[in-house]
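Here are my notebook entries from a browse through this model. Have the structure open beside you and follow along.

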Amino acid sequence: MTDASTPLIVGGSAPSAARPDADLLEGLNGPQREAVTYRGQALLIVAGAGSGKTSVLTRRIASLLRTREAYPSQILAITFTNKAAGEMRERVHQLIGQKADGMWISTFHSACVRILRREAEQFGFTKSFTIYDSGDSRALIKRLVKEHEGDSFGLTPAGTQSRISKLKNELADAESYARSANMSDPAERVFVEIFSSYQRELQRANAFDFDDLIAQTVYLFRAFPQVADVYRKRFRHILVDEYQDTNHAQYALIHELTRPVGSDAEPFSSGGMMIFDAEPAGEDAASLTVVGDSDQSIYAFRGADIRNISEFERDYPGAKVVLLEQNYRSTQNILSAANAVIANNFDRKDKKLWTDVGAGDPIIGFTGYSQHDEAQFVADEIEALHKKGVDYSGVAVFYRTNSQSRALEEIFIRSAVPYKIMGGTKFYERAEIKDALAYLVAVANPADSMALRRILNRPRRGIGDVTETAIARYAAEHDITFRDALANSAQLGVGPKLQKAIDQLDAVLTEATAVMLPASGELAPSTSVTEGLTLLLNKSSYFDALRASKDPQDEARLENLDELIAVTREFARNNPEGTIIDFLTEVTLVADADDLDDASGSVSLMTLHTAKGLEYDAVFLTGVEEDLLPHRISANEPGGPQEERRLFYVGITRARKRLHVSLAMTRAQFGEVTVAMPSRFLQEIPADLIDWRQSPGDVNGRGGSQSRALNARGRRPGQPGGGNRYGDDLVPLPKRAPADPSKFPNRIPAKVRDNGDMVLAAGDRIRHDDFGEGRVDAVTGEGAKRVAHVRFDTVGPKKLLVKIAPIAKL
DNA sequence: TGAATTGTTGTTTTT
DNA sequence: CAACAATTCA
């Protein structure tokens, strides 16, 4: 069956015209070609940013199919996001057409859901299990922490959730953790209790959380070797993208799948002969290809283990390693900056990206007085690019935290820059959407009492805490589900008004069930999801309540629900066979960032994490400040600052032609205006690569040496684009002794002066430590962001941040 | 039960 | 400055 044993003779040499896949190798360099054609048990492709790895991966798949070494159904390709999966499918399709159908190209999570749905009955779940997203599981954990009085032991819901998640990613469960934990510590005991009741609740609700999807699949494979063998036989070629971001559970899953068929069959079939893991895999084991770049590992916080890639050769003896270092995306200036930055991470294999497209434009730097000022620069610059013919969709703005998008949005709206936020405040996290989905879950998975509890009093029916507990108690006493308890409202011991409310809810749910899950056994058409959802929202009076409300926000909520209904229609169109369960699965696993791929005509705004794997002609990296990038919280975490540096590196390497880095001198965070310092990462970029429109030195006025060092060449006179409104009043900086090059070039005094209460008005004369005396023209802004426009006698006009400028009133 | 008010607290990245 | 929790009052 496996014709893969017929070795293909390749090497890096030119493809012979006879090869059926010769056209697939066109335009590839030597290492790329080898990555496509190598055949063997294990292949590691170390692919630097922009080195064409997606191209290599898709051609490798296409080549396997074209040469008939594999059927589509024998291929399992794992990507990190659904969007990447879609792209890969699309590109393989372009290469070889229809034959691409039948492959599994999906994320770890989607692939596991598919397996689990098929095998759920093996271990106490049903096919119609639902998936808890992090919000759902947080809600459940919150309840459990309260019930177990975890707060008196210092357990917070958030902390507990992340601990449980980490443990699951390590394939630990409550029991195994308890064995290793110090159980004499009462806090540990309570934690274990919460952990195990959380797991029990999930099972009772017939639900998995995100981490379970992977971990339980591994358990399934380990507990039922004959089930695992089904998939081992099926998947002959497994390819994993972004391997540096896999966690232990994902690693284990891949490991299970790439073991020889029958290797861990029941004792009787191995006939007393022990078969070891390390035994040569033989041709029965699937071939494994992984692609990764340890410099782009940015998900350690989620349990990603960089060792999965660094120890690949140990885990898969005889593995072939191919290095892709030539970059086809960015200009040399951008790559030099990236190389210089990442070189500061010790403990990494040296790797240098290079290109032959030339130096390109310098990197543009800008320092704003506030985040609004910074945003205005970004908006103006985008407009300038647009006038030069750069399409909006070729521009992206990155930031470290989601909250930074607000200032940008405000300015973009005012400046009429079309934009789209990728992944931000998620559509599916809005309360009204979660409510609507909870209605659907209540129908699709009646065991899920969490969903039911959520909608019990939405819209308001007068069902409060007391009634909810009454229902729960009744359910427990009679050993029926929460859902079934609703049908017996008369026996709950509640008032007649409440009885009626419960009866009504029960009736609505029953009616919707008949629509979406007909008892007759016939399959409901996929349009029934739209029908059922509309029915639920109408007959539950959810719509009525919103329409009657005076809260102006409720209008937007109605629109959002309309949008959700539109999503169900779209779903029905794309999945003629789709059931309500399929719909719910898709909605929980497909993040917003994934389906918004069509940002045509808009600038894309996103976090640095979301940016991974994407590329744009022009990139703006904003908020490059200490405590933001690197983020303050990372400072105390082992490996934190290094991961932040990789994040910065990922951001830089997204840019094809133009890169902008910007920061603000002050940033408003929870009501307080704080003074920000330039990020250490800026110092790591060679000074001659950055052209500062306005350097940190220009802004805090302490600048002579700093700004000159940051911009060794000074502002280039006569440079087009000098009409930039920020450049207008910039003047050559005063002469000073050259800065000590051994010092950080843009170090800002750690101790920040505070002139917060200095009263300045137009006409005042002041003295500046560096610029000498001058006259105040105007003062703009408020509070900590007050900016003085000063005309100095010797150096001309400058803008100064009053709060921190080294100035004194005369 | 639910609305309104005050107080508290946290402040990163995501499938 | 949020969002959220606890508290008070109708």
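**Entry 1: DNA strand C.** I began with the surface near DNA strand C, which by class has 1 nonpolar, 1 polar and 2 charged residues. My classes: Ala, Val, Leu, Ile, Met, Phe, Trp, Tyr, Cys and Pro are nonpolar, Asp, Glu, Lys and Arg are charged, and the others, Gly among them, are polar. I call a residue near a strand if one of its heavy atoms lies within 4 Å of it. The residues around DNA strand C are K142, R406, F670 and G671. Sugar and phosphate make up 50% of the strand C atoms that come within 4 Å of the protein. I also found a polar side-chain atom of K142 at 2.4 Å from a phosphate oxygen of DNA strand C.

**Ground rules.** This is a predicted model, where local features need pLDDT of at least 70 and side-chain atom pairs count only at pLDDT 80 or more, while totals for chains, interfaces and linings use all residues. Residues are numbered from 1 along each chain as its sequence is written, chains are lettered from A and ligands numbered from 1 in the order in which they are written, and side-chain values use heavy atoms, with hydrogens and water left out.

**Entry 2: DNA strand B.** Which residues come nearest to DNA strand B? Of the 24 around it, I noted R302, R400, N402, V466 and F670. By class, I have 8 nonpolar, 12 polar and 4 charged residues on this surface. For the side chain of R400, I read 2.6 Å from an N or O atom to a base oxygen of strand B. The side chain of H109 has an N or O atom 3.0 Å from a base oxygen of the strand. On the backbone, a polar side-chain atom of T467 lies 3.5 Å from a phosphate oxygen of DNA strand B.

**Entry 3: D295.** Is D295 buried or exposed? I have it as buried, because its relative accessibility is 3% (buried is under 20% relative accessible area, exposed over 50%, partly exposed in between; 1.4 Å probe, protein chains only). Its side chain joins that of K351 in a polar contact of 3.4 Å (a pair of N or O atoms within 3.5 Å; within protein, one must be able to donate a hydrogen and the other to accept it, and residues adjacent in sequence count only if both atoms are side-chain atoms).

**Entry 4: a charge over a ring.** I found R114 over the face of W104, at 4.0 Å from the ring centre (NZ of Lys or CZ of Arg within 6 Å of the ring centre and within 35 degrees of the ring normal).
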